[in-house]
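User: Please take a close look at one part of this model and follow it outward to whatever surrounds it. I would like one connected account, with the geometry and the contacts kept together.

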Amino acid sequence: MDNNDLLIRLRYALDIKNKDMVEIFKLGGVELSKEEVLKVLTKTPESDEEDDNSIWAEPVNEDYIKADDHLFESFLNGLIIFKRGRQEPKPGQPEIPALTNERSNNLLLKKVKIALQLNSEDVLEIWDLAGVTVTRGELGALLRKVGHKNYKECGDRYARNFLKGLAIKYRK
């Protein structure tokens, strides 16, 4: 799954309105208009089997903005501020957290867990709602810092089912 797909599914799961999406991006340090947010929230254009350099290739969909890792992480940081409020930085800390180099799925788990004030049991329950069994050890490995000996990359299946469970829990 790419970052645009993750944003679309997260927006649906948490029932976030367009104006709130603009606000969340702004809180994360990215200025996007409502129209630009809607372009980010469009599905990824289908790739043709034709070569992109071919004169017969279809033009790129102009109603689409690819969400890179910076944009995605900025949105997640804004979501934390939107849900929990701005935290006063401690002396010597930067006001805006530094962007990580982490895989999007792991980042999604960590930041949504923080934004919604979920504990480990809540996260496991969300996966259970989606019909996936995850152990505490696996969850701990997914939430580890990159480079830790027990770190495990979060696969698309885990991320997809986490968002599916969020939708079941928050869209009643």
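Analyst: Lysine 19 is a good place to enter, and it counts as exposed because its relative accessibility is 63%, above the 50% that serves as the cut-off for that class. This is a predicted model, and everything that follows is computed from it. The side chain of lysine 19 meets that of aspartate 20 in a salt bridge, with 3.6 Å between N and O. Aspartate 20, for its part, is one of the buried residues of helix H2, which spans residues 18-27, together with Met21, Ile24 and Phe25. Viewed down the axis of H2, these buried residues fall within an arc of 140 degrees, so they line one face of the helix. The general background is that an α-helix has 3.6 residues a turn, so residues three or four places apart point the same way.

What lies over that face? The cover on the buried residues of H2 includes helix H1 (3-14), helix H3 (34-40) and helix H4 (69-84).

Methionine 21, which is found in H2, shows this setting at the level of one side chain. Methionine 21 counts as buried because its relative accessible area is 0%. Leaving aside residues up to four places away in sequence, methionine 21 touches Arg11, Ile16, Val37, Leu41 and Phe75. For one of these partners there is also a backbone distance: the C-alpha atoms of methionine 21 and valine 37 are separated by 7.2 Å, although the two residues stand 16 residues apart along the chain.

The packing of H2 against H4 can be described in more detail. Their axes come within 7 Å and cross at roughly 100 degrees, which makes H2 roughly perpendicular to H4. On the H2 side the contact is made by Asp20, Met21, Glu23, Ile24, Phe25 and Leu27, and on the H4 side by Leu71, Ser74, Phe75, Gly78, Leu79, Ile81 and Phe82. Asp20, Met21, Ile24 and Phe25 thus appear in this contact as well as among the buried residues of H2.

The backbone on either side of H2 also deserves a look. Most residues other than glycine have a negative phi. Aspartate 15, in the loop between H1 and H2, has a positive phi of about 55 degrees although it is not a glycine. With a relative accessibility of 39%, aspartate 15 counts as partly exposed. After H2 comes glycine 29, whose phi is also positive, near 95 degrees. Further along, in the loop between H5 and helix H6 (120-129), glutamine 117 is another non-glycine residue with a positive phi of about 55 degrees, and at 54% relative accessibility glutamine 117 counts as exposed.

From H4, a charged pair leads on to H5. Glutamate 73 forms a salt bridge with lysine 111, their closest N and O atoms being 4.0 Å apart. This pair links distant parts of the chain, with glutamate 73 in H4 and lysine 111 in helix H5 (residues 104-115), 38 residues apart. Both glutamate 73 and lysine 111 are buried. H5 in turn packs against H1, one of the helices that cover H2: the axes of H1 and H5 come within 11 Å and cross at roughly 25 degrees, and the two helices are therefore roughly parallel to each other. Their crossing is right-handed, and in it Asn3, Leu6 and Leu10 of H1 meet Ser104, Asn105, Leu108 and Val112 of H5.

Another salt bridge reaches further along the sequence, joining the side chains of arginine 103 and glutamate 153 at 3.4 Å from N to O. Arginine 103 lies in the loop between H4 and H5 and glutamate 153 in the loop between helix H7 (136-142) and helix H8 (156-170), so the pair ties together parts that are 50 residues apart in sequence. Arginine 103 is partly exposed, with a relative accessible area of 33%, and glutamate 153 is partly exposed as well, at 49%. Salt bridges that share partners also join Asp15, Lys17 and Arg171 into one network, which brings the account back to the aspartate in the loop between H1 and H2. The structure holds eight salt bridges in total.

These details sit in a protein chain with eight helices and zero strands. Of its 172 residues, 38% count as buried. Among contacts between residues at least 6 apart in sequence, 72% join residues at least 24 apart.

Terms used. Residues numbered from 1 in each chain as written. Predicted model: local features only at pLDDT ≥ 70, side-chain atom pairs only at ≥ 80, totals over all residues. Heavy atoms only, no water. Buried < 20%, exposed > 50% of the residue type's maximum accessible area, 1.4 Å probe, protein only. Helix = DSSP H or I, 4+ residues; strand = E, 2+ residues; numbered from the N terminus. Arc of directions from axis to C-beta. Contact = heavy atoms within 4.5 Å. Axes fitted to C-alpha atoms, helices over the stretch in contact; angles between N-to-C directions. Parallel < 35°, antiparallel > 145°, perpendicular 65-115°, else oblique. Left-handed = near helix turned anticlockwise from the far one by under 90°.
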